[in-house]
Amino acid sequence: MHQMELVRLATTGSVDDGKSTLIGRILYDTKQVFQDQLEAIEDASRRRGSDYVDLALLTDGLRAEREQGITIDVAYRYFATPKRKFILADTPGHVQYTRNMVTGASTADIALVLVDARKGVLEQTKRHAFISSLLRVPHLVLCVNKMDLVDYSQKVYDEIMDEFRSFAARLDIADLRFVPVSALEGDNVVEGSEAMPWYHGSTLLETMETIHVASDRNLIDARFPVQYIIRPHTMEHQDYRGYAGRIASGVLRPGDEVMILPSGFSSTIASIDTFEGSVDEAPAGLSVSITLEDDIDVSRGDMICRPNNRPQVGQDIDAIVTWMSETVRLRPGAKYGIKHTTRSARALIRDLQYRFDIETLHRVDDATDLGLNEIGRVTMRTTAPLFFDEYRKNRETGSFILIDEGTNRTVGAGIIGGLAL
Amino acid sequence: MSYQITHLDALESESIHIIREAVAESERPVLLFSGGKDSALLLRLAVKAFHPARLPFPVMHVDTGHNFPEVLAFRDRTVARLGVDLIVASVQDAIDEGRVVEETGADASRNRLQIEPLLRAIEANRFDAVFGGARRDEEKARAKERVFSFRDEFGQ
């Protein structure tokens, strides 16, 4: 079987930006649409009196949602080209869906932000870019859509680029790209554009297929949060004791000297096992089971790392939290369950330092609480030490969720800035 | 050697991570296994997650009574080979006991009738986590299904 790289995309935009049409266009032009699906949307388009086949209908699940009474959430769509396999997290763009956007962006390699060429950079565009930068999505592509409605004007495109660049300079965006497209007509989405001979860059799909994402993973800092202890109790594997988990970052090899936190005991990796057999090395992202040379006490929630490269250890933590609860608000003094890697503890919110006004991106210093979809900076104290890295260095060990202890609902998602003073 | 992970390894590792996490955080999990292709894949992932130990939880089949005999034989062979317990919740029993009513007409199906025996079996066995396999592209709403979906006492 042909082995491909998996790339995660997050797309945000409102209905009016043509996001559904753009996604439909990508699926259609990369030949991911079955004959019967196509006939169904041709039919629906004709019934609605459209002059063209409305590709947005391919992904428009709104009606299905209403019928089934499920909430608007993140939609995951899978598609592939001969070069890469993509998972696209599709989130609505309105401010009331900020929590969904954060969810989608938290695992994304590439953020696709849409703007309508007629409207240019809006508050909403800035909010999308801000969230992508906050969640450290490594690559941001600004798709200037509806170029057909501005006569494919280079001047309009250049002005939008300039305006967005000057705004983006205030954010932390490692890699920023622009593509002028018409999702409706198909210009520069999968096929190139004859209508925009002045544009010499890649199409959107080429960009998605070629952006170098392999180096975005942290392969330096070995972090293995222990998830589960595998003890078979079978005749064949009587003495087997494997520490199961997914390598959060770095690379592990048999023979590596390791340290276990919180105990501080040292040992050596005896083997790294998978269902298919033992491996000589295992990089970040793989789920494996590790055996150690020494018989020491290791439990779920412990962290295996290298003795000379350890995460930070602490109970006083500085973090940025996105609030996700419709019913309760984050307030200083409140206590929540916290889940960080495979470790659970309780957290006391000591202080809310400020809230971001996500329309203007200004800091609101006199904020007293956080409501649904609000983002703010807090300091908190946990009942047990966390083994963490700054989110900017490690998306896996730098993030956590807050849980309402009464209902077990996830009420907040956080990224760690460092130890709080 | 390159540290690149292929798309299948990445997806499999993510699935194994989720399965282990759910099992670590729950008391009495169960996995829905009918012998069909989606649940066969799910079961395979679960077996990989706990290898070389046996699957640390039972599997359950919500049996519509409309099966190919070969699929049932595969189901039974598979659970025997893995040494796991199989619980069967029967739609036919639910009909016979008057708990659900068989649909009639050209589009009659027992798909919807599975809900009652499923929830009843979950309650009777006090399961607190249920693994189910589905495909994102099966239907538009499936694209938005959450990975972890919290349900209330009505199973909703």
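## Two chains, their sheets and their contact

A:Pro262 sits in the loop that connects strand S11 (257–261) with strand S12 (266–274) of chain A. Helices (H or I, at least four residues) and strands (E, at least two) are DSSP runs, numbered from the N terminus. The model is predicted, so to speak plainly about cut-offs: local features need pLDDT of at least 70, side-chain atom pairs count only at pLDDT 80 or more, and totals for chains, interfaces and linings use all residues. Residues are numbered from 1 along each chain as its sequence is written, chains are lettered from A and ligands numbered from 1 in the order in which they are written, and side-chain values use heavy atoms, with hydrogens and water left out.

**Backbone oddities**

Back to that proline: the peptide bond from A:Leu261 to A:Pro262 is cis, with omega near 10°. Chain B has a cis bond too, from B:His51 to B:Pro52, with omega near 5°. B:Pro52 is in the loop between H2 and S2 of chain B. As background, most residues other than glycine have a negative phi, and most peptide bonds are trans. A:Arg136 is not a glycine, yet its phi is positive at about 55°; this arginine belongs to the loop between H5 and S5 of chain A.

**The six-stranded sheet of chain A**

Chain A holds an open sheet of six strands, ordered S2-S3-S1-S4-S5-S6, and the pairing is mixed. Two strands count as paired if DSSP finds at least two bridges between them. At the edges are strand S2 (75–80) and strand S6 (175–180) of chain A, each pairing on one side only. Ignoring direction, neighbouring strands of this sheet are turned by 25° against each other on average. Axes here are lines fitted to C-alpha atoms, for helices over the stretch in contact, and angles run from 0 to 180 degrees between N-to-C directions.

Helix H5 (residues 123–134) of chain A packs on the sheet and touches strand S1 (5–13), strand S4 (110–116) and strand S5 (139–145) of chain A. Contact means heavy atoms within 4.5 Å. The direction of H5 makes about 175° with that of S4(A).

**Strand pairs, side by side**

Strands of a sheet pair through backbone hydrogen bonds, either parallel or antiparallel. Here are four of the pairs, from both chains.

| Strand pair | Sense | Bridges |
|---|---|---|
| S2(A) and S3(A) (residues 84–92) | antiparallel | six bridges |
| S18(A) (residues 335–340) and S22(A) (residues 399–403) | antiparallel | four bridges |
| S22(A) and S23(A) (residues 410–419) | antiparallel | five bridges |
| S1(B) (residues 29–32) and S2(B) (residues 59–63) | parallel | two bridges |

For some residue-level anchors, A:Ala75 is opposite A:Asp90 in S3(A). A:Gly337 has A:Ile403 in S22(A) as its bridge partner, and A:Ile401 has A:Ala413 in S23(A). The hairpin of S22(A) and S23(A) has six residues between the strands, and A:Asn408 there takes a positive phi near 65°.

**The sheet of chain B**

Chain B has an open sheet of its own, with four strands in the order S3-S2-S1-S4 and parallel pairing. Its edge strands are strand S3 (86–90) and strand S4 (129–131) of chain B, each paired on one side only. From one strand to the next the twist averages 30°. Within the pair of S1(B) and S2(B), B:Leu31 is bridged to B:Val59.

**Where the chains meet**

The size of an interface is often given as the accessible area lost when the parts come together. Chain B and chain A bury about 4100 Å² between them, 57% of it on carbon and sulfur atoms; buried area is the accessible area (1.4 Å probe) that two parts lose on being put together, summed over both. B:Tyr3, B:His7 and B:Lys144 supply 19% of the area that chain B buries against chain A, more than any other three residues. The contact takes 56 residues from chain A and 38 residues from chain B.

Which element gives the largest share of the side of chain B that touches chain A? H1(B) does, with 15 residues. Helix H1 (residues 7–25) of chain B lies across S1 and S3 of chain A, at about 70° to S1(A).

Five salt bridges link chain B and chain A, each a side-chain nitrogen of Lys or Arg within 4 Å of a carboxyl oxygen of Asp or Glu. One of them joins A:Arg300 to B:Glu21, with the closest N and O atoms 2.7 Å apart.
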